[in-house]
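Biologist: I'd like to learn how to read a model like this one. Could you walk me through it, starting with the vocabulary?
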Amino acid sequence: MHTTQLYYGAAYYDEYMPVSRVEEDMRLMKEAGMNVIRIAESTWSTWEPRDGEFDFTSLHRMLDGARKYGISVIVGTPSYAIPPWLAAKYPDILADTHAGPERYGRRQNMDITHPGYRAHCERIIRRLLAEVQPYENVIGFQLDNETKHYDTCGPRAQALFKQWLQNKFGTVEAMNQAFGLAYWSNSLGSWDDLPDVRGTINGSFAAEYEAFQRHLVTDFLLWQRRIVDEYRRPDQFVTHNFDYEWRGYSHGYQPDVDQFDAAQAVTVAGCDIYHPTGAALTGAEISFGGDVARALKGGENFFVLETQAQGPVGRLPQPGQLRLQAFAHLANGANMVEYWHWHSIHNGIESHWKGVLSHDLTPGATYREAATIGRDFARLGSRLANLRRRSPVAFVVSNRSLTGLKHSAAFAGPNYGDAVRWLYDALFRLNVPCDIVSDDTRDFSAYPLVVLPAVYCADDGLADALRRYAAGGGQILAGFRSLFADENVKIRTAAQPGGLTDVFGMTYDEFTVPVDVPQVSQWMELLRPDAGTQTLLRYDHPAYSMYAAATYHPYQKGGAAYIGAMLEPAALDALLEALLPRMGLALQPERWPLVIKEGENDAGHRLRYVLNYSAKQAAAAAPFACTELLGGQRYTAGQAVPLAGWGVAILEEDAGR
Amino acid sequence: MHTTQLYYGAAYYDEYMPVSRVEEDMRLMKEAGMNVIRIAESTWSTWEPRDGEFDFTSLHRMLDGARKYGISVIVGTPSYAIPPWLAAKYPDILADTHAGPERYGRRQNMDITHPGYRAHCERIIRRLLAEVQPYENVIGFQLDNETKHYDTCGPRAQALFKQWLQNKFGTVEAMNQAFGLAYWSNSLGSWDDLPDVRGTINGSFAAEYEAFQRHLVTDFLLWQRRIVDEYRRPDQFVTHNFDYEWRGYSHGYQPDVDQFDAAQAVTVAGCDIYHPTGAALTGAEISFGGDVARALKGGENFFVLETQAQGPVGRLPQPGQLRLQAFAHLANGANMVEYWHWHSIHNGIESHWKGVLSHDLTPGATYREAATIGRDFARLGSRLANLRRRSPVAFVVSNRSLTGLKHSAAFAGPNYGDAVRWLYDALFRLNVPCDIVSDDTRDFSAYPLVVLPAVYCADDGLADALRRYAAGGGQILAGFRSLFADENVKIRTAAQPGGLTDVFGMTYDEFTVPVDVPQVSQWMELLRPDAGTQTLLRYDHPAYSMYAAATYHPYQKGGAAYIGAMLEPAALDALLEALLPRMGLALQPERWPLVIKEGENDAGHRLRYVLNYSAKQAAAAAPFACTELLGGQRYTAGQAVPLAGWGVAILEEDAGR
Amino acid sequence: MHTTQLYYGAAYYDEYMPVSRVEEDMRLMKEAGMNVIRIAESTWSTWEPRDGEFDFTSLHRMLDGARKYGISVIVGTPSYAIPPWLAAKYPDILADTHAGPERYGRRQNMDITHPGYRAHCERIIRRLLAEVQPYENVIGFQLDNETKHYDTCGPRAQALFKQWLQNKFGTVEAMNQAFGLAYWSNSLGSWDDLPDVRGTINGSFAAEYEAFQRHLVTDFLLWQRRIVDEYRRPDQFVTHNFDYEWRGYSHGYQPDVDQFDAAQAVTVAGCDIYHPTGAALTGAEISFGGDVARALKGGENFFVLETQAQGPVGRLPQPGQLRLQAFAHLANGANMVEYWHWHSIHNGIESHWKGVLSHDLTPGATYREAATIGRDFARLGSRLANLRRRSPVAFVVSNRSLTGLKHSAAFAGPNYGDAVRWLYDALFRLNVPCDIVSDDTRDFSAYPLVVLPAVYCADDGLADALRRYAAGGGQILAGFRSLFADENVKIRTAAQPGGLTDVFGMTYDEFTVPVDVPQVSQWMELLRPDAGTQTLLRYDHPAYSMYAAATYHPYQKGGAAYIGAMLEPAALDALLEALLPRMGLALQPERWPLVIKEGENDAGHRLRYVLNYSAKQAAAAAPFACTELLGGQRYTAGQAVPLAGWGVAILEEDAGR
């Protein structure tokens, strides 16, 4: 979304506070340069304490307080956490999952297909939206929050799934064949005998159910969007807080949502990004999450709707890190940075996931550092907002492959998330900017290089597109396990990789787990290059020395590289450092912990962020004559720009558009 | 309980034996100097093989056999393990827990609120007590055994909990506010919508349920006490076998019972203490368990109703350790040491938890060492019994804090048990004697020093009491996490620690998990001392060097120290060794593995136990002219008392009262 | 089974293939020297897609194809994986287990006592057998596959168990006594109160239920055998695919089947053996599995019905290993080696458990190595088939002990499988050949040595047999924990070991887990030798130095050794290397990784396999004048036979019978 300023703020919950202090908080925010809050998405039971009985006292307190201090508001629909009375009204409203029926208590465990849930959702959304309509300072809406399917597996969901299968396959015989159900006597003779999906050992069947479940999420968000559209002004946006694979922090691509699909429901992409801090702050999660969010609406700027202030215990930022993080989000194309959350909470499961203020509700170290960011955002907003990023690399993500690899029955090798981050992080360390694209992409011609990290499941359309792309001059870099199976997780009978042996100029049919193979861990494929194919790396082991670990093959006007083994990071970096320039991609001289992100601002100037992910001082050469915006210092091309530990520099090229 | 002798013996189960051999066993016990057995608490199905059909053959065999050999008997009520017929009669008699309904088989998994259980309990207790009334050698009764609430969560328990909440809060609004239920839409609009407690993510609600469950234990034991009182002679005591947090051995304070509360049900406190042995025998568990038991009836002497003989596999005592352990119990104030158990059992889940005799029922190494103890207990009983201990330290334990910390949602830092033992063990190593006190204590004036280990939940009453205490001259030593939340696990909005910043002379609002911070593990708070407050320790890390790790602040007539980080044991010992004398506490010259325990005997003589928790020989200086009672050797003040590996010396001061 | 040739082949599933290619596959098999396939056991839903509707198209395609290429066929009854319609017809057909009711999906989770299951089983078996009757190339049948009891615990099974108990004990009092049910109030007053076995903490009761469950397996297989017998020709064999304790590979003796008992149902024993490969290929699993299979029909030759080709990910054989493995099976007495399986599968949970062909269905490295084996099997079949093995050692296995040890409540020490492999592997490394015998054996006189690895449960019959055996000149080698309990898992009251202190010339009553005891791990018993008993090893620890770790005692005409501690492998090897010759057992000069297996072939010649389980070249002296059959080279006695890395030599003595 194109804005005239940067947004900076925090999620705000008057409802959670032991004592209401909206006035004091808005004043403190204002003083810290904050200009936006997100409210209302978590507390349905506050807005509707009893069935049909509404109380928006706290809502108005927040809206009024924000208005008074000139603070914009994003209003969230409060559907992701249901009130006790609703759970009591419909005992089956809670999802029945692979682990059995859920109990009331936590959020995000209801059955989003439940008609009673939908009916009550609609009513509270309509009432809430009507309530906020008078407020000019409401700039947009957030649909639900971090929506998933919550593994709903009850009779209603499975009946819908049966229809889904019937629509897709028509006959049981077609499904038997596509999924290989003859195995272990699982062939269906009739749709009536469809067993509970939760017992299956057929990965295709299991993966199909997960695809169906992801579809439920898109369906649910589109349904909410239609309701919201009835109430919103043209200037108000609709967003959603997309999140990522969770490993205690935002690690990789979200397994439970087809985000490219679900993003149809919003006018601007939003996301939350949580990451390690302290000595473990590398910037990779910030970069990956931002790249995904930027991709969801075709490269448009996005919102970071949630990121950590003090974060959970053990993630307290060290001095300077809060600033570095905030500018890193901008460098990825964010137009908004919102902390989760303003206050620390005094009760509940996130009481130690701390906000901008600690529990004593007094400005502390985090608030003071945030205030410097707020001042810089306000001062430099017109130059920093709406950064246009350009990337030479299309980095393909694939829910199908994520699920397929999970159900591949390999019981070895890295999972999808690790395989993706293995390649992504190497590109990040080498300062190669990426655009994330979906595996539904069929035209890659805008990119000199396509990267396929463990794209395990690929339909014929993708395989054909890749061949055409390489024939036409494109360069492909595929990681191990790519293209192994079709879209139904059926392993291809064609020679690997994926029947594209002509493109890759090699094949393999054997793979194993490396034991005592230097520089390789978890997975290795025994590649057999054709004549004319370059072996980039061999295995250093007597039983495997006749096989290649990585190859490159010029194909028609383009070429294709393949890395068949999970190389240790240092070995992977070295390989890519040599390979990428040969594939036509010039590398920046900087390497992580110095991270470079570049784009163009509204004035048409090149804007280069230099981020120092290290406690040690560093320096980077200015690539052009420029002004460092934070300090105001001018630099000639080639001049060294100094960076403090965890420091950031923003270089604006002197000459613009 | 004041006695005229020491009690020494074992739990005895004629019912378990493949062949009855009461006569032989009583003879062997007598020869080993044993004078007490505990019987009957485990085998309801033996006493009542069918509903309403009683068989006390085995009971009389034991009572008669004991009487013949002059052995006293403690009779346990057999309610902690129900017979198969009772489980078959009431299928819902087994507790429905967080993990679902229990199955019949193991002990201690029934619903102690079940009316059918209570009715049958009462009948068997009355029948058993009537049966034993004629026996003069029955010296007392044990109520049930290691009673807990067994996590009963079924409809009956939850209905009682609803009443409990209504009594406490009156309105749902009051509870919503106290527990912060607005979070994630958990606010209640009506008592009718109270959800199953098992799903909650609200730590206050969860902690309240556990408080309710602990109350059920007290209620149950008081109910049994009233029945027993109808049958017992004035000279017969009532005890209970209180046990401790279980980590494969007795580790820390019991989570599932309010022992100070439940101890109302007994006339003399009893406990079981199991601990590591062999190279891992440190004495800390024996000391902690004994200190708790001594506290339960206001410092009175107590019974060790169970402790290990050969113990489970891997805990076989090394030569000398059985003696050391027995005298260590006396040193804590025990008047009874009873092994669990006499025979090793030939069937069932404790068949490898071995007794005084092995499965071959023949005197072996353990029996022979026990016999030396028995002789010494008999010979020295009048001098060793009824030891009066005095401690300068009130060491505060808190079920509320234990539960609160568990539900604090910190997901980091040590749990309560570890935090307690972290401080307790340091005092133990420095030979600082402690009295354990409950967090309900409001008058600490009898003690020069109050120690607060992770007293996470403190109500205003405790906070006020601490301020008064320090003002009046008391010294406070608080560990990290203390006073953070109120009694409802709501984190305080007042500045930490606990609004007592005036007393502690510092505050903090940030904390994290230490990474590469020397001498600190798991938890660190970033303390900001006021002017006039002494910084005892700083963090040795560039990002945290401006903060204190430990402080001391003189406050009015007293003072308050605070340790904000979990220091490694050696660093903690060094800190306390310097700090405690400055707080007015003189230290003994001995350090662990030499352990000193001191008190006064019936004759008014000082009695000093010197315990050598090491396989190496050692020596300690006699602090006064004395006789070493075990060997009869006389020592002048200052003379070296030699100790064998795992040895013990008992020094009786020459001059008495 | 005596054959005129060796069988070599693979399991074959036309049903699983995306495209049928029987003709091509049979041709490739033929070219690789393969002459047998196993079909049909996995795909009931293919043969009977709807209740009562049969389709044998694929079956005939396979049988016809095989016939055309002269390939023999084993037909499996398809009962181990039920079709979806059968699961839908009888929801309770799936086993209700300790973990709750099973869900449909995977194989081998039905209730084998279910009458509906039995009825439908019988119908499909009869239809299938009738269908294959015309085919001359069907050489035999496999009953079901890897049959177990699948932990069936539902009401039907528990009712049968009640009858089983009533038959065994008559009265509850007898059972109470045998099982020690008085413990924790578990005594039964009436059969009507028998609780669900799943809650029990009584190991005897739990072990009895497992014995009952194992009996169900035998009962089921015998029932199938009777059906098959109605259809088979006299020349057709009946076999079963017995498998072993599974730890990701075939580790030890099968817990869930009494294989010696169940083998009544077959005319020839079959088994599957899966094992580590690559650097982890030791040969021990192949040897152990083969020894068990050879034992099941009294030393007759057996079939390896399944073993790995490429195996699961991480078990890819290195060059030469496939050959080594195949000949190792022959060396154990196998007459058949069948891979699981021919094709790799393109769907389902075993899609990465790869066959002879990879997913590209093209001959690769594994196929090419297999073809060399096929040629050698065909060429040398008449010399290699029907190997007669002789072993001086009876190695006792015991389901009762396996279960008993599991339920012994020791919570320490190795489990049965580890204790068995601990001793077996040492004998394997020393090239001591073993015959596996059941603990029902009462006459050991054919063997100079009986080895008892953790035979924890032994009834009086076994104890008496051992005393007689030693008295008559036999040598006993018992491992720790042997003879501790009776057949009901009741620990003996007689002095250990097992009341045979006269035979072993020592006793012990204490045991513990070694801490800082050199060369000992997990378990140690403190042995007290009698005068006249030799101490083979003492504990090197101050607290235990007065005890023996291993003893030998001459007893009448024989003798008995006892190893009371789990020695580290090197220490165990050294002990046995010294001990076994003194017990009359001459050792081969070769040690692992050179493995020697010897027997006599049909021509009456000694046949010696020399297997090199190492990547390094090696050599072994020819023990007699011979021809190395694989290469045709002649050797004089004492001449060095060279072996490649992972190489094998087969030495046929020049002079025969």
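Modeller: Sure, start with the element names: helices (H or I, at least four residues) and strands (E, at least two) are DSSP runs, numbered from the N terminus. This is a predicted model, where local features need pLDDT of at least 70, side-chain atom pairs count only at pLDDT 80 or more, and totals for chains, interfaces and linings use all residues. Residues are numbered from 1 along each chain as its sequence is written, chains are lettered from A and ligands numbered from 1 in the order in which they are written, and side-chain values use heavy atoms, with hydrogens and water left out.

Biologist: Where does Gln556(B) sit?

Modeller: Gln556(B) is in the loop between β23 (548-555) and β24 (558-563) of chain B. Its phi is positive, about 45 degrees, although Gln556(B) is not a glycine.

Biologist: Is Gln556(B) buried or exposed?

Modeller: Buried means under 20% relative accessible area, exposed over 50%, and partly exposed in between (1.4 Å probe, protein chains only). Gln556(B) comes out exposed, at 60%. Ala409(C) also has a positive phi, about 70 degrees, without being a glycine, but Ala409(C) is buried, with a relative accessible area of 10%. You'll find Ala409(C) in the loop between α13 (399-406) and α14 (416-429) of chain C.

Biologist: Which residues does a cis peptide bond join in chain A?

Modeller: Trp340(A) and His341(A), with omega about 10 degrees. His341(A) belongs to the loop between β12 (334-340) and α12 of chain A.

Biologist: How do I read an interface?

Modeller: Its size is often given as the accessible area lost when the parts come together. Here, buried area is that loss (1.4 Å probe) summed over both parts. Chains A and B bury about 3800 Å² between them, 56% of it on carbon and sulfur atoms. Counting contact as heavy atoms within 4.5 Å, 44 residues of chain A touch 50 residues of chain B.

Biologist: How many salt bridges are there between chain A and chain B?

Modeller: A salt bridge needs a side-chain nitrogen of Lys or Arg within 4 Å of a carboxyl oxygen of Asp or Glu. The count between chain A and chain B is 2. Arg50(A) and Glu173(B) form a salt bridge at 3.8 Å, N to O.

Biologist: And the symmetry?

Modeller: Two copies of a chain are related by a rotation about an axis and a shift along it. Superposing by least squares on C-alpha atoms of residues with pLDDT of at least 70 in both copies, chain B fits chain C with an RMSD of 0.0 Å after a turn of 120 degrees and a shift of 0.0 Å along the axis. That is the relation of a three-fold axis. In chain B, the C-alpha nearest the axis belongs to Gly100(B), 7.0 Å from it.

Methods:
Buried area = accessible area lost by both parts, 1.4 Å probe.
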